[in-house]
Amino acid sequence: MAALIPSASVEARLNIPEGICVLTYRPLDIQAIITSVGDDAAGATAVFIGTTRNSFKGKVVTRLDYQAYSKLAVKTMGDIVRDAHNAYTRSEHRTAHSDPPPQPLIRSAVHHRLGTVPVGEPSIVIAVSSPHRKEALMACERILEDVKLKAQIWKREFYEGERDEEAEWKANVVH
């Protein structure tokens, strides 16, 4: 029996100068997301792919369901990307010919699934391009942790041998 999808949990997309934020019911196209942050000035692209794992605390996970207050969640994701872009500077890599100084981050993409995500499939993909790896990696992790903590997206975990009504809603927590 399929779960009813709340009307607030709809696909959404936000394009900002720093990148793109997407909520979708469709499977995530990892290569397209990576390509979307590509730039000739990028010396690094950091990527995080969060997938549905098959177990949690000794229980067999059969699937995850995601719901969101999409209009607010995509705005929150955009704020998170902007904050990450404003947080990093890289003065030690400037050269005498750096006019203007190079951007510490070039472009970011955050794509999150809605609805049912089977075991092994990505539920979130984050890609960040930067001239240097350190900023790309740091920003990628910061974006992930902030999305988990702040975005209005909720996860319900379903376990083998348990009725759907017993599925657990999981709080977003930072690890």
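This passage describes the sheet, one buried loop residue and the salt bridges of a predicted model.

The central element considered here is an open sheet. Five strands take part in this sheet, arranged in the order 1-2-6-8-3, and their pairing is mixed. Strand 1, covering residues 12-16, and strand 3, covering residues 44-51, form the edges, since each of them pairs on one side only. From one strand to the next, the twist averages 5°.

Strand 8 comprises residues 122-130 and runs antiparallel to strand 3, to which it is joined by eight bridges. Two positions illustrate this pairing. Thr45 has Ser129 of strand 8 as its bridge partner, and Ile49 stands opposite Val125, also in strand 8. Strand 8 is likewise antiparallel to strand 6, and six bridges join the two. Within this second pairing, His112 is found opposite Ile124 of strand 8. In a regular strand, side chains point alternately to the two faces of the sheet.

The surroundings of strand 8 were also examined. Nine of its nine residues are buried, so strand 8 is largely enclosed by the rest of the structure. Helix 3, formed by residues 133-150, lies across strand 3, strand 6 (107-113) and strand 8. The direction of helix 3 makes an angle of about 145° with that of strand 8.

Attention then turns to the loop that follows strand 3. Thr52 is located in the loop between strand 3 and strand 4, the latter consisting of residues 55-56. The relative accessibility of Thr52 is 2%, and this residue therefore counts as buried, the limit being under 20%. When neighbours within four places in sequence are left aside, the contacts of Thr52 include Val61 and Leu64. Thr52 is also in contact with Val117, Pro118, Val119, Gly120 and Glu121. With Val117 there is a specific approach: the side chain of Thr52 reaches the backbone oxygen of Val117 at 3.3 Å.

Glu121, one of the residues in contact with Thr52, also takes part in a salt bridge. Its partner is Arg113, and the closest N and O atoms of the pair are 3.0 Å apart. The two residues differ in their exposure to the surroundings. Arg113 has a relative accessibility of 4% and is classed as buried because this value is under 20%. Glu121, by contrast, has a relative accessible area of 29% and is partly exposed because this value lies between the limits of 20% and 50%.

In total, the count of salt bridges comes to 11. Further examples involve Arg163. Arg163 forms a salt bridge with Glu165, in which the closest N and O atoms are 3.2 Å apart. Both Arg163 and Glu165 are exposed. The side chain of Arg163 also meets that of Glu166 in a salt bridge, with an N to O distance of 3.4 Å. The relative accessible area of Arg163 is 54%, and this residue is classed as exposed because the value is over 50%. Glu166, at 36% relative accessibility, counts as partly exposed. Elsewhere, Arg63, Asp65 and Asp164 are joined into one network by salt bridges that share partners.

Methods. Residues numbered from 1 in each chain as written. Predicted model: local features only at pLDDT ≥ 70, side-chain atom pairs only at ≥ 80, totals over all residues. Heavy atoms only, no water. Pairing = 2+ DSSP bridges. Helix = DSSP H or I, 4+ residues; strand = E, 2+ residues; numbered from the N terminus. Axes fitted to C-alpha atoms, helices over the stretch in contact; angles between N-to-C directions. Contact = heavy atoms within 4.5 Å. Buried < 20%, exposed > 50% of the residue type's maximum accessible area, 1.4 Å probe, protein only. Polar contact = N/O pair within 3.5 Å; in protein donor to acceptor, adjacent residues only side chain to side chain. Salt bridge = Lys/Arg side-chain N within 4 Å of Asp/Glu carboxyl O.
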